[in-house]
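Biologist: I'd like to learn how to read a ligand site and a few backbone oddities in a model like this one. Could you walk me through it?

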Amino acid sequence: MSSSADKRRVTVGVSGGIAAYKAAELVRELQQHGVDVRVIMTRAAQEFIQPLTFSSLTGHKVITAMWGEDGQPATGLDDQNQIEHISEAQWPDAIVIAPATAHVLAKMAHGLADDFLSTMLLATTAPVIVAPAMNVNMWNHPATRANLELLQTRGVTIVPPDSGYLACGMTGSGRLADVQTIAQAVLSVLSQPVHPDLAGETILVTAGGTREAIDPVRFLGNRSSGKMGYALAEAARQRGAEVILVSAPTSLTPPERCAFVPVTSAEEMRAAVMEHLPAATVVVGAAAVADFRMPAIAPEKLRREGSLHLDLEPTEDILRTVVEARSMADAARPCTLVVAFAAETGSSISRARQKLLAKGADAIVLNDVSQPGIGFDSDRNAATFITRDHEIDIPEMPKREMADRILDQVVALRAATSTEQPSPSRAGHDAG
Ligand code: PMT
C-alpha cells in the first residue's frame, strides 16, 4: 500500500449551493482512487453542510475562513507557521471546485480574493477543475458564459452541469454533474504531465544505496534511503519524460509509470545502467554507490573468531563508464547529459568540482550530508548545482521540490547543449 507521501493530492473547494452535500461523495470517490484529499469551504457552503463531515472523511482540518473566524488563531499562519493560503496553494496536484457557484466562477474569472478559497486559487499553480451547479437562468446568463470562457482560455477544466429538474423547481441545465464524471475529470488532469518540458527525454535515474555482500548474511551498505532519486524519477515523469529508475534496495514504492529496474550491488547497478543507456538521453546518478567491494564473497557465514580484516577492491565508476560510452555514441542523436551527485561532509565546492571533472559529467549536485535534517534518509535537502562554468545554490526544501529545481537546470543544460555534439573535452574526463 502506498503511503500518504506517495499519493496524489487534491483539494476540493466547496462553495454554497444545494449540491454541496455531493462534495462528500466526490471526496470518497477520489479517495477510492488513492487520492489524498483536503477540503476548503466557503462561508455559504457551511450553510448547506458541516465542515465536520469533511474533516471526518479526509482526516485533515477543513479550512473555512481566512482570519480565524473558525476558532483558528487569527494569524493567517498554519501549523508550521507558514502563510496558510500560500502553503495550501502549494500542497495539491490539482484543485476541484464542486459545486462551483456563479459567484465563485465570477471571482475566479476576475481575480477577486476576498476569502480563503478565492485567495488560495490566485496563489496556486496547480491545475483547476470546476464543476458548476446553479439555477438554469444563472447558468445561461451572458455574465456566467463569459466568465466560463475566460476561465477556459486560462486552462481551467470545466465539467459542465447536467440537465434535469433543479432544486429551485425549474428544469434545464444547472444540476451538478455526476460525481463519477467529476472524479474522472480530476483523475485525467492528474495523469497529465504538469509542465511537459521534459517530453521527448528519457531520464535514467539511479537511486538508493548499493549493498556489497561480505558473506551470505552480511553486506557493506550506506545510509541512502533512495528518497532523492525517487523524487527525481517522479518529478521527471510528471514533466513528460520517460523514466528508467535503477534502484538499489529501498523501502519506497516506485513512482507510477516508470520502468523500474531493481538491483543490489554496484556491479548490478553498472550492468543495468549500461543495458538501458542506449535509450537514455539524460542520466542522473543520485544513488550512493559503494566505492569498494569484496573481491570474493565468503561462501559461508564468517565466524566470530578474533578480529576480522577485509581486503576490499574498488568498484567501477558507473558514471565515468557512462561518459566514456557516450563519447562513442551515434553523433546524430542528442548528447546524453550526465548529472552526478556529490555527497560531501561540508560544503566543499572545490571537491565537488574535482569530481565533476574526474567523471567528465555535465553537472554535479553537491549536498552536504553532515547537516542535520537534510541529505541521507531525510525528506529535505539543500544543494549546489555545479556545472563547468557556474554554480547555483538551491536552498533547503523538500526533496520533491528540489527534484524539480534540479530538473529545471537539466532543461537549461539541454537548451545550452542541444546544438553541440559531444566534443572530446566534454565527452572525456580530465582527471582521476
Ligand atoms: O537516498 P537519500 O537518503 O535520499 O539521500 C540522497 C543522497 C545523499 C544519497 C544523494 O543526494 C547523493 O548525494 N547521492 C550521491 C551519493 C554518493 O555516493 O556520492 P559520491 O560522492 O560517493 O559519488 C559521486 C557520484 O558518483 C554519484 O553520482 C554516484 O552515484 C556516482 N558513483 C559513485 C561511485 C561509483 N562506483 N559509481 C558512481 O557512478
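Modeller: Sure. First, the naming: helices and strands here are DSSP runs, numbered from the N terminus. Also keep in mind that this is a predicted model.

Biologist: Which helices and strands each supply at least two residues of the shell around the ligand?

Modeller: Three helices and a strand do: α9 (227–238), α11 (318–326), α12 (349–359) and β16 (337–344). The biggest share is from β16, with 4 residues.

Biologist: Which residues come nearest to the ligand?

Modeller: A residue makes the list if one of its heavy atoms lies within 4 Å of the molecule. There are 30 residues around the ligand, and S224, S225, G285, K355 and N367 come nearest.

Biologist: How do the residues of that shell divide into nonpolar, polar and charged?

Modeller: Glycine goes with the polar ones in this scheme. The shell has 14 nonpolar residues, 8 polar and 8 charged.

Biologist: What about backbone atoms: how far does a backbone N or O atom of K227, M228 or D377 lie from an oxygen atom of the ligand?

Modeller: The cut-off for a polar contact is a pair of N or O atoms within 3.5 Å. For K227, a backbone N or O atom lies 3.2 Å from a ligand oxygen. For M228 the value is 2.8 Å, and for D377 it is 2.6 Å. As for cover, the ligand taken alone exposes 770 Å², and the protein buries 95% of that.

Biologist: And which pocket does the ligand sit in?

Modeller: The second largest one.

Biologist: Back to D377. What should I look at in its backbone, and where does D377 lie?

Modeller: The general idea first: most residues other than glycine have a negative phi, and most peptide bonds are trans. In D377, phi is positive, near 55°. D377 lies in the loop between β17 (363–368) and β18 (380–387).

Biologist: Why does D377 count as partly exposed?

Modeller: Partly exposed is the band between buried, under 20%, and exposed, over 50%. D377 falls there because its relative accessibility is 46%.

Biologist: You mentioned trans peptide bonds. Which residues does a cis peptide bond join?

Modeller: A98 and P99, with omega about -5°. P99 has its place in strand β3 (residues 94–100).

Biologist: One last residue: where is A412 found, and why does A412 count as partly exposed?

Modeller: A412 is in helix α13 (residues 399–417). A412 counts as partly exposed because its relative accessibility is 42%. If you want a distance along with that, the C-alpha atoms of A412 and R326 are separated by 20 Å, with the two residues 86 apart along the chain.

Key:
Residues are numbered from 1 along each chain as its sequence is written. This is a predicted model: local features need pLDDT of at least 70, side-chain atom pairs count only at pLDDT 80 or more; totals for chains, interfaces and linings use all residues. Side-chain values use heavy atoms; hydrogens and water are left out. A polar contact is a pair of N or O atoms within 3.5 Å; within protein, one must be able to donate a hydrogen and the other to accept it, and residues adjacent in sequence count only if both atoms are side-chain atoms. Accessible areas come from the Shrake-Rupley method with a 1.4 Å probe; for residues, only the protein chains shown count as cover. On a 1 Å grid over the protein atoms alone, a cavity is a set of points where a 1.4 Å probe fits but cannot get out, and a pocket is an open set with protein on both sides within 12 Å along at least five of seven lines; lining residues have an atom within 4 Å of a point. A molecule sits in a cavity or pocket if more than half of its atoms lie within 2 Å of its grid points. Buried means under 20% relative accessible area, exposed over 50%, partly exposed in between (1.4 Å probe, protein chains only).
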